[in-house]
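Let's take a friendly walk through this model, strand by strand and then into the core. Keep the structure open beside you as you read.

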Amino acid sequence: MKQLTLRGVTITMHTYEFKHGGKTTVTIDSDFIRIDRKGLFNKSSGLKGEKSLKLDMITSVQLIPASAIKGGFLQFSIPGSKDVKGIYMSADENTVMFSKKEQHMAEEVKGIVEGKIQRKEAAVSSPNSSSLSVADELKKLAELKDAGILSQEEFDAQKKLLL
């Protein structure tokens, strides 16, 4: 985890290096997940360069565990994308391959992205903010921060918006 401060706003970035099936780096910040592919396998599969997915556009994350003989897959679904199944998943631009040794990183990425999806869904289904006072909103944000759902940076950014 790395933190950057730009124009007074601190951004937390999570970076994961997956070496199975090519060299793939996954970076997650407050708004995007970036999948950067390098290596011969990725180039031969037609996957090269960086793919950025806006976190609030991701609707689901699927993790297919790795085994001792077969690699695993982490697939991100966004509206309009067609989920690729089976042996063709390695050529899907929204999929990251990983080995059994890298599975803990894939599970961590899945957890972070699912947390962002849950926060987005909670914000959409919450009552109209005009019916709640600023104090009530701040209390809710503090509870989310205390529960570990919001980072300190995300809490501070939302608090600044309210005030």
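Strands β3 and β4 make a hairpin, with 3 residues between them. Helices and strands here are DSSP runs numbered from the N terminus, with H or I and at least four residues for a helix, and E and at least two residues for a strand. Two strands count as paired if DSSP finds at least two bridges between them. The hairpin strands β3 and β4 run antiparallel and are joined by 6 bridges, and T24 stands opposite R37 in β4.

A word on the basis of all this: the model is predicted, so local features need pLDDT of at least 70 and side-chain atom pairs count only at pLDDT 80 or more, while totals for chains, interfaces and linings use all residues. Residues are numbered from 1 along each chain as its sequence is written, and side-chain values use heavy atoms, with hydrogens and water left out.

**Strand pairs**

Strand β4 also pairs with β5, again antiparallel and through 6 bridges. Further along the chain, β6, β7 and β8 form an open sheet of 3 strands in that order, with antiparallel pairing. The edges are taken by β6 (60-64) and β8 (95-98), which each have a single partner strand, so one side of each is left without a neighbour in the sheet. From one strand to the next, the twist averages 15 degrees, with axes taken as lines fitted to C-alpha atoms (for helices over the stretch in contact) and angles running from 0 to 180 degrees between N-to-C directions. As general background, strands of a sheet pair through backbone hydrogen bonds, either parallel or antiparallel.

Here are the antiparallel pairs with their bridges and one facing pair of residues for each.

| Strand pair | Bridges | Residues opposite each other |
|---|---|---|
| β3 and β4 | 6 bridges | T24 and R37 |
| β4 and β5 | 6 bridges | F32 and K54 |
| β6 and β7 | 5 bridges | V61 and F76 |
| β7 and β8 | 4 bridges | F73 and M97 |

Which side chains of β6 are buried? Along this strand they alternate: V61 and L63 point to one face and are buried, while S60, Q62 and I64 point to the other and are not. Buried means under 20% relative accessible area, exposed means over 50%, and partly exposed lies in between (1.4 Å probe, protein chains only).

**The nonpolar core**

A nonpolar core is a set of buried Ala, Val, Leu, Ile, Met, Phe, Trp, Tyr and Cys residues joined through side-chain atoms within 4.5 Å. The largest one has 22 residues, and I33, F76, V109 and V113 have the most contacts inside it. Two or more residues each come from β2 (9-18), β3 (23-28), β4 (32-38), β6, β7, β8 and α2 (103-125). Helix α2 gives the largest share, 6 residues.

Take F76 as a guide to this core. Leaving aside neighbours within four places in sequence, F76 is in contact (heavy atoms within 4.5 Å) with I33, I35, L53, I58, S60, V61, N94, V96, V109 and V113.

Helix α2 also holds Q103, which counts as buried because its relative accessibility is 13%. Beyond residues up to four places away in sequence, Q103 touches P65, A66 and F98.

**Two residues in β5**

Strand β5 (residues 49-54) contains K51. The side chains of K51 and N94 are joined by a polar contact of 3.3 Å. Such a contact is a pair of N or O atoms within 3.5 Å; within protein, one must be able to donate a hydrogen and the other to accept it, and residues adjacent in sequence count only if both atoms are side-chain atoms. Leaving aside neighbours within four places in sequence, K51 is in contact with I33, R34, I35, E93 and N94.

G49 lies in β5 as well. Its relative accessibility is 32%, so G49 counts as partly exposed. G49 touches I35, D36 and R37, not counting residues up to four places away in sequence. The C-alpha atoms of G49 and I35 are separated by 8.2 Å, with the two residues 14 apart along the chain.

**The whole chain**

The protein has 4 helices and 8 strands. Of its 163 residues, 36% are buried.
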